[in-house]
Amino acid sequence: HVVTKIKENVPFSDPCDPIFTTWGSQGFDLVVGTSSGYQDCMISAAAQYPNTTFLHVSGWKTATPNFGVGYARLYQPMYLAGYTAALVSQTGVLGVVAPVQIPEIYRQISAWVLGAMAARPDITVHVAWTGSWSDTPLEGFMLSQLRSLDVDVVNVRSGILTGHLVASQLGMMSTGFSSDFRMVAGESVLVSATYNWGALYTPVALLVLNHTFAEYVGPAGVRNWWPGWDVGASALTDFSFMVPPAVATQVEEETRRVMHGGLHGDTVFCRPITDNTGQVITGGTCLNDSVLLSMTWLPSVAVDHGLWNLPGRVCDVGTYGEFNLSTFSIRCLPCLPGTMSVNSDAVSRCVGCPQGTYSAGNASQCTPCAAGTYGAMVNATECLPCLPGTIASSTGAWEC
C-alpha cells in the first residue's frame with residue numbers, strides 16, 4: 001500500500017519553498033522534484049532529513065546518500081526528430097526555439113542537430129534562446145525572425161502548444177517535445193519526442209522500499225538514473241501525414257542503426273563531433289554520461305543567436321502581455337484572480353498561485369493563507385477555514 005501526495009505550482013524561489021523540508025519532517029519515504037529549478041533546495045532538504053530520499057528530475061549535482069538525480073534519455077528521440085526535420089525541409093535551413101541554457105537543453109538540441117546533420121550534412125540550424133520556460137510572446141517573435149532566415153522546419157523545445165500554432169501560421173513545420181503536439185496543433189507537427197516517467201519512478205521507488213537507494217550505481221553514476229529507448233523511457237510519436245512514406249522509411253532505418261550499441265544503448269554521440277566554435281569534442285569515441293550531463297555546446301552547423309529580447313516589453317507586475325502576431329505588438333492585461341505575475345515585462349501568462357496561497361487578481365504576488373485557514377488547490381481566489389477538529393497553526397498551510 002503506497003500513499004502519495006502531490007503539490008503543484010511550487011515556485012523556484014530563494015528562500016526555498018518549504019514543501020521539501022515539510023515532507024522531510026513528516027517522514028516521507030520519497031520526495032520527487034520535477035524541474036531543474038528545485039535542485040539546490042532539494043539538496044539542502046536532503047542534508048536536513050537523511051531518512052527521506054529525494055529524487056531530483058533533470059538534475060546533475062551529487063550530494064548526500066539520500067539524494068539522487070534522474071531523467072529519461074530524451075536526446076535519443078530528439079536525434080530522430082532532427083533527422084526527420086532535415087529530410088522534410090525544402091530550404092535546408094532549420095531552426096530551434098530553445099528555453100533555458102542548461103546542460104539538459106544543450107544535450108537535447110545538440111542531438112536534434114546531429115540527427116539533422118546525419119540526414120543532410122549541408123544543413124544549417126539557427127538556435128535562439130528565450131531564457132524562459134514559458135515566454136510565449138518572445139517565442140512568437142523569435143519564430144517570425146527564424147522564418148525570415150528561410151527556416152521551414154523548427155523545433156519548439158519549450159513544449160508549449162502556442163509555439164507550434166504560431167509556426168504553422170508562419171508557414172513552418174515543427175517537431176515537438178514531451179507530448180504528441182500533432183494531436184492538438186495539427187499535421188504541421190511532423191513528429192514529437194516523448195517520455196514515459198514510469199520507467200524512471202518505478203525502479204527508484206522499489207529501491208527506496210528495499211532500503212538500497214544509497215548503494216545504487218548505474219551507467220550514469222552513483223544514484224543517477226537515466227533510462228532510455230530500450231526500456232520505453234523515451235520514444236518517438238507517429239509521423240504526421242506531411243512526412244512522406246519514403247522519409248518515414250529512412251527514419252525507421254536510422255532508428256535501427258542508431259538505437260543500439262554505444263555506451264548507453266545508442267550511438268547518437270558516438271561519432272566525430274566539432275562544436276560551433278571549431279573545438280573538437282570527440283574524434284568518434286562515444287561521449288560518456290558525465291560529459292553528456294554537463295555539456296554546454298552545440299554542433300558545428302548550429303548558428304547560436306544567444307538570448308533574444310522582445311522590444312517594447314513594458315507590462316507592469318501583476319499583468320501579462322498578449323502577443324499579436326500580425327502587428328508584433330503587446331497588449332497588457334491584468335492577472336486573473338488566483339494568479340500572479342512577478343516580472344515587470346510582457347510574460348506570456350500569469351503564474352497560478354501555489355497551494356497555501358491565493359490572490360484576488362491583478363497581483364504581483366500571492367498572499368499566504370492566514371493561520372486557521374488553508375488552500376488545498378492551486379489558482380485559489382480565497383482560503384478556506386479549517387474544519388472542526390483540525391488546525392493550521394501557521395500561515396501558508398495547504399492542509400489542516
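A pocket here is an open set of grid points with protein on both sides within 12 Å along at least five of seven lines. With that in hand, welcome to a few close-ups of this predicted model.

**View 1. The second largest pocket holds about 200 Å³ of space.** Its lining is made of 13 residues. Lying nearest the pocket's centre are Asp 29, Asn 51, Thr 53, Val 208 and His 211. Sorted by class, the lining of this pocket has six nonpolar residues, six polar ones and one that is charged.

**View 2. Helix H3 packs on helix H4.** H3 covers residues 75–88 and H4 covers residues 103–119. Their axes lie 6 Å apart and meet at an angle of about 40°, which means that H3 is oblique to H4. The crossing of H3 past H4 is right-handed. On the H3 side, the contact is made by Tyr 75, Met 78, Tyr 79, Ala 81, Gly 82, Tyr 83, Ala 85, Ala 86 and Leu 87. H4 answers with Arg 107, Gln 108, Ala 111, Trp 112, Leu 114, Gly 115, Ala 116, Ala 118 and Ala 119. In this contact of H3 with H4, 14 residues are nonpolar, three are polar and one is charged.

**View 3. The largest cavity encloses about 100 Å³.** How many cavities of 30 Å³ or more does a search of the whole structure find? There are two, and this view shows the largest one, with 13 residues in its lining. Nearest its centre are Ser 58, Gly 59, Tyr 71, Arg 107 and Leu 293. Arg 107 may look familiar, as this H4 residue also takes part in the contact with H3. Two or more lining residues come from each of strand E3 (67–70), H4 and strand E11 (224–225). Which element gives the most to this lining? That is H4, with three residues. By class, the lining of the largest cavity counts seven nonpolar, four polar and two charged residues.

**View 4. The second largest cavity has a volume of about 50 Å³.** Here the lining can be listed in full: Lys 61, Thr 62, Ala 63, Phe 67, Gly 68, Val 69, Val 222 and Arg 223. Strand E3, which also lends residues to the lining of the largest cavity, gives the most to this one, with three residues. The lining of the second largest cavity divides into four nonpolar, two polar and two charged residues.

Conventions: Residues numbered from 1 in each chain as written. Predicted model: local features only at pLDDT ≥ 70, side-chain atom pairs only at ≥ 80, totals over all residues. Heavy atoms only, no water. 1 Å grid on protein atoms, 1.4 Å probe; cavity = no way out; pocket = protein on both sides within 12 Å on 5 of 7 lines; lining within 4 Å. Points joined across faces, edges and corners; volume = space filled by probe spheres on them. Nonpolar A, V, L, I, M, F, W, Y, C, P; charged D, E, K, R; others polar. Axes fitted to C-alpha atoms, helices over the stretch in contact; angles between N-to-C directions. Helix = DSSP H or I, 4+ residues; strand = E, 2+ residues; numbered from the N terminus. Parallel < 35°, antiparallel > 145°, perpendicular 65-115°, else oblique. Left-handed = near helix turned anticlockwise from the far one by under 90°. Contact = heavy atoms within 4.5 Å.
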